[in-house]
Amino acid sequence: MRNILADIKKAISNNRDAIAKATAQQNLIQNQYIQAKEESQSAHEDALKAAFENDQQSAMQALLQEVIQTKAKTDIAVCS
């Protein structure tokens with residue numbers, strides 16, 4: 001009976017550890033997604049501003065950065 005109780009306690013402990021690890025991983029992915037989303041939005045705003053100011057080179061650089069951040073955001077979403 002003691003072995004069964006010890007096994008049950010160990011299984012519960014392992015389960016709690018797995019849940020804590022999965023939750024931490026999920027939080028990390030969510031934070032990365034939010035950061036990529038914010039950076040993408042910022043790049044988009046920079047592109048609009050540069051285009052408005054007729055700065056084509058800066059507009060293209062900002063659009064490229066937006067594409068990179070959007071790709072990162074998509075990759076993060078796919079991994080989760």
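Me: I would like to begin with a single residue: is Leu-48 buried or exposed?

Reply: The general idea is that a residue counts as exposed when its relative accessible area is over 50%. Leu-48 has a relative accessible area of 51%, and is therefore exposed; please keep in mind, as we read on, that this is a predicted model. Leu-48 belongs to helix α1.

Me: Which residue, eleven residues away along the chain, can I use to see what lies across from Leu-48, and what is the separation of the C-alpha atoms?

Reply: The idea here is to set separation along the chain beside separation in space. For Leu-48 the partner is Ala-59, eleven residues away along the chain, and the two C-alpha atoms are separated by 7.0 Å.

Me: How many helices and strands does the chain have?

Reply: The chain has two helices and zero strands. Helix α1 covers residues 2–52, and α2 covers 56–79, with a loop between the two in which Asn-54 is found.

Me: How should I read the reach of α1 from its first C-alpha to its last?

Reply: The general approach is to compare the span of a helix with the span expected from its number of residues. With 51 residues, α1 reaches 75 Å, which is close to the 75 Å expected at 1.5 Å a residue.

Me: What is the phi of Asn-54, in the residue that follows this helix?

Reply: Most residues other than glycine have a negative phi. Asn-54, which comes after α1, has a phi near 65°, and that is a positive value in a residue other than glycine. Asn-54 is also exposed, because its relative accessible area is 69%.

Me: Which residues further up the chain can I use to relate α2 to α1, and what are the C-alpha separations?

Reply: Two pairs serve as examples. Val-67, in helix α2, is 27 residues from Ser-40 along the chain, while their C-alpha atoms are separated by 7.5 Å. Ile-68, also in α2, is 25 residues from Ala-43 in sequence, and the C-alpha to C-alpha separation is 9.7 Å. For contrast in how such a pair may look, take Lys-9, which is found in helix α1: its C-alpha and that of Ala-24, 15 residues apart along the chain, are separated by 23 Å.

Me: Why are Val-67, Ile-68 and Lys-9 placed in their accessibility classes?

Reply: The class follows from the relative accessible area, with exposed meaning over 50% and buried under 20%, and partly exposed in between. Val-67 counts as exposed because its relative accessibility is 54%, and Lys-9, at 55%, therefore counts as exposed too. Ile-68 has a relative accessible area of 43%, so it is partly exposed.

Me: Which residues are buried in α1?

Reply: In α1 the buried residues are Ile-29, Ala-36, Ser-40, Ala-43, Ala-47 and Ala-50, among them the Ser-40 that we paired with Val-67 and the Ala-43 that we paired with Ile-68. For the chain as a whole, 15% of its 80 residues count as buried.

Me: What makes up the nonpolar surface patch?

Reply: Ile-4, Ile-8 and Ile-12 make a nonpolar surface patch of about 270 Å². Ile-12 sits in helix α1 and is partly exposed, because its relative accessible area is 41%. The accessible surface of the chain comes to about 6,700 Å², with 57% of it belonging to carbon and sulfur atoms.

Me: What do the radius of gyration and the box say about the overall form?

Reply: One sets the radius of gyration beside the value for a compact globule with the given number of residues. A compact globule of 80 residues would have a value near 12 Å, whereas the chain has 22 Å. Along the principal axes, the C-alpha atoms fill a box of roughly 80 × 15 × 10 Å.

Technical notes. Residues are numbered from 1 along each chain as its sequence is written. This is a predicted model: local features need pLDDT of at least 70, side-chain atom pairs count only at pLDDT 80 or more; totals for chains, interfaces and linings use all residues. Side-chain values use heavy atoms; hydrogens and water are left out. Patches are made of residues with over 30% relative accessible area and no salt bridge: like charges are joined within 9 Å, nonpolar side chains (Val, Leu, Ile, Met, Phe, Trp, Tyr) within 5 Å. Accessible areas come from the Shrake-Rupley method with a 1.4 Å probe; for residues, only the protein chains shown count as cover. A salt bridge is a side-chain nitrogen of Lys or Arg within 4 Å of a carboxyl oxygen of Asp or Glu. Helices (H or I, at least four residues) and strands (E, at least two) are DSSP runs, numbered from the N terminus. Buried means under 20% relative accessible area, exposed over 50%, partly exposed in between (1.4 Å probe, protein chains only). The expected span of a helix is 1.5 Å times one less than its number of residues. The radius of gyration is taken over C-alpha atoms; the globule rule is 2.2 Å times the number of residues to the power 0.38.
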